[in-house]
Amino acid sequence: MEDLSFVPDLPKGPLDVYRNTASFNWKRLKLALEGDIDSLKLKYKIWRTLEKDPLFAHSAVTLPVEEQKRITQLQLKKINEYKFIPKEMFNASYSNAHYVRIFFFQTRTIMTINEAVQSLNPSVSVKMAIGIYLFSNALLSLGTERHLKFYEATIKTREILASFALTEVAHGSDARLMRTTATYDPSTREFVIHTPDFEAAKCWVGNLGRTCTHTLLFAQLITPDGTNHGLHGFMVPIRNPDTLETYPGLIVGDMGEKIGVNGIDNGFIMFNQYRIPRENLLNRTADVTEDGTYESSFSEPSRILGAALENLSAGRIGIMQESCHSLSSAVSIAVRYAASRTQFGDRQKETPLIEYELHQWRLFGHVAAAVVFRLYIESFTKTYLEIAEKSNAGHRVDNLSETVSEIHAMVSCSKPLLTWSVLRAAQQCREACGGHGYLKCSNLGDIRSNHEPTVTYEGDNNVLSQQAGNWLLRQYEAARGGALPDTPLGTLAFLTDDASLHRTFACTSTEQLKNPDFILSTYKWLLTWMLKYTHEKNESELAKGLTKVQARNKSQVYRWRTLTKVYAEYLTLMISLGSIDRKEPGLKPVLMKLYCLYGLSVLDENLVELYQGGFAKGGDCARLVRDAILELCADVKGEVVSVVDALAPTDFVLNSVLGRSDGKLYQNLQKSFFSQPGVFERARWWREVVPASKL
């Protein structure tokens with residue numbers, strides 16, 4: 001058993017009433033959810049270090065937007081100075097497997113640091129993810145040895161803080177219609193980048209507004225003969241790193257205040273015949289010779305674009321990881337509050353909120369989701385990084401193209417599921433804390449506001465899920481035709497089972513439902529039926545003479561969109577169950593309770609489809625599913641405080657007066673109220689509101 005003495009013990013207090021009923025060691029569960037003791041040690045090292053640093057002290061009031069940006073940049077600079085990431089020496093080429101292994105080691109380290117910082121200041125983690133992790137990953141996957149200098153300046157010396165410029169004012173999801181151009185000039189061996197008008201200005205570029213030195217720009221590559229070869233990636237210098245002055249030929253601005261995450265300086269940029277060296281083209285998939293000849297290993301521009309944008313999968317996985325931590329923080333605050341806050345009951349003794357069935361039903365499903373999502377993403381991330389590492393190191397990966405397509409589908413539906421689920425949970429947690437949850441010092445409002453942009457950035461959720469639907473229907477059509485679906489990771493292997501759609505609900509007790517076999521087999525039926533239901537609608541629209549795009553648009557509501565949500569839920573359940581099987585025996589009972597609670601909760605959301613498709617008839621299915629959920633809520637009640645102890649970061653990071661681990665709710669509220677700036681002072685503007693005759 002690993003030594004977990006580096007994880008601080010929790011203070012004794014009112015929450016011990018529930019902590020003492022837990023059947024497991026919360027530190028062991030924390031390690032199981034982390035998946036790696038070195039990562040957990042690094043997080044605690046970061047949290048201890050930053051808690052001692054005055055620069056990371058929390059403000060009791062919302063700072064002005066420009067001050068938030070300044071503090072965020074200073075905090076990132078300080079984190080770099082702490083050297084949590086080892087500065088490895090890189091003397092190898094892009095083709096060297098050792099170099100790639102170093103990169104992926106550092107990628108995992110950066111991801112751990114991002115997770116540690118995310119709950120403390122999401123703006124810092126986003127700035128780091130964009131400016132270091134996503135950018136470095138793009139250089140490795142899209143660039144060649146000639147871009148090694150940019151990589152080292154980002155990872156090793158920190159001379160570069162980057163950004164990622166894809167979206168334009170008038171075009172976001174439809175990347176093919178972007179209008180920024182990069183025209184090659186053979187006389188100077190340069191690309192000339194130009195923005196034709198404001199609608200083509202790059203916008204929503206994180207780090208661009210005030211701080212980045214370079215951007216990874218996606219622009220239409222045009223050769224001297226006038227041929228447009230589609231979107232390609234370019235390394236573009238933006239500011240002098242010594243002065244942060246913008247270079248001539250650029251119009252760069254900050255987009256202003258947002259709903260949240262205001263420490264990130266989202267910017268817009270316009271190029272006026274701006275020149276960069278030919279070598280700044282990221283040329284792993286295509287290149288332009290000195291004389292202007294275009295060369296590519298792909299014959300179709302769309303495949304080049306697809307290969308380039310596939311890099312976004314890493315960013316979307318990062319969003320899913322950060323979403324897990326936002327959810328963990330929100331449910332930790334709400335559950336600790338529920339265990340501390342008493343309300344109603346008899347005159348002698350009021351009842352803690354956590355004892356009420358309605359309160360359990362409101363919160364415990366989200367706690368279960370927090371655990372299951374963590375298990376899913378921890379396992380999926382390892383799989384993704386292993387495949388990416390082998391591929392970039394030049395090792396053989398069987399069915400690589402099919403694997404990449406499957407991963408893209410998994411990410412394209414899972415990012416919407418997680419980000420929407422967390423947004424809904426954050427609101428429920430805020431409401432479950434009543435009026436106190438509306439205080440800034442509860443931190444629930446900031447968690448919700450800072451999480452909200454995830455549903456639209458790195459791919460709008462509704463559009464992104466359509467891409468997953470495309471892949472799903474291709475596999476279904478292949479299976480209908482007697483072929484094996486292209487599913488190297490096995491997520492749709494069950495489609496070859498003809499008996500799947502013939503199953504019906506036959507349970508007679510809730511115990512039969514509180515079983516992973518029931519949940520997974522029901523989801524296989526549901527996913528198969530949703531594929532059939534969506535396919536038939538799409539085919540009927542095509543038979544009317546509609547184009548593929550028109551038919552797909554007519555098949556979205558209640559079909560395509562629901563299909564991708566069901567697939568994401570199935571992935572979460574399938575992969576997290578495999579993760580539970582690998583955990584230590586002492587944790588499996590509580591993990592299985594939470595797994596079944598999550599599984600039945602999401603099945604409850606799909607009851608309409610279960611009845612519509614003929615899986616269930618009469619009232620037994622709905623009644624038993626909901627009875628089982630309430631029974632599991634009651635079973636989990638004695639475990640849930642220790643579960644959130646395993647989910648929560650330290651009190652300093654959680655930064656919630658309602659969610660402190662000591663459970664001393666009212667003492668903590670008093671301290672917060674009394675320490676607010678100017679709390680007992682007369683208003684400075686009192687003369688402006690008192691009648692002049694009284695002065």
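Start with helices α11 and α13: α11 passes α13 in a left-handed crossing. Keep in mind that the model is predicted. Select residues 400–432 for α11 and 461–480 for α13. The two pack at an angle of about 145 degrees, and their axes lie 8 Å apart.

Now show the side chains at this contact. On α11, pick S405, E406, H408, A409, S412, C413, K415, P416, T419 and W420. On α13, pick N461, N462, L464, S465, Q467, A468 and W471. Colour them by class: 7 are nonpolar, 8 polar and 2 charged.

Next stop, a second helix pair. Select α2, residues 26–34, and α21, residues 640–647. Here the axes are 8 Å apart and the packing angle is about 50 degrees. That angle makes α2 oblique to α21, because it falls outside the ranges under 35, 65 to 115 and over 145 degrees. The crossing of α2 past α21 is right-handed. W26, L29, K30 and L33 of α2 meet S642, V643, D645, A646 and L647 of α21. By class, this contact holds 6 nonpolar, 1 polar and 2 charged residues.

Finish at the sheet. Which strands build it, and in what order? It is an open sheet of 3 strands, ordered β4-β8-β7, with antiparallel pairing. Select 202–205 for β4 and 250–254 for β7; these are the edge strands, each paired on one side only. From one strand to the next, the twist averages 20 degrees. Add β8, residues 267–271, which pairs with β7 in the antiparallel sense over 5 bridges. Zoom in on G253: F268 in β8 stands opposite.

Note on methods. Residues numbered from 1 in each chain as written. Predicted model: local features only at pLDDT ≥ 70, side-chain atom pairs only at ≥ 80, totals over all residues. Heavy atoms only, no water. Axes fitted to C-alpha atoms, helices over the stretch in contact; angles between N-to-C directions. Helix = DSSP H or I, 4+ residues; strand = E, 2+ residues; numbered from the N terminus. Left-handed = near helix turned anticlockwise from the far one by under 90°. Contact = heavy atoms within 4.5 Å. Nonpolar A, V, L, I, M, F, W, Y, C, P; charged D, E, K, R; others polar. Pairing = 2+ DSSP bridges.
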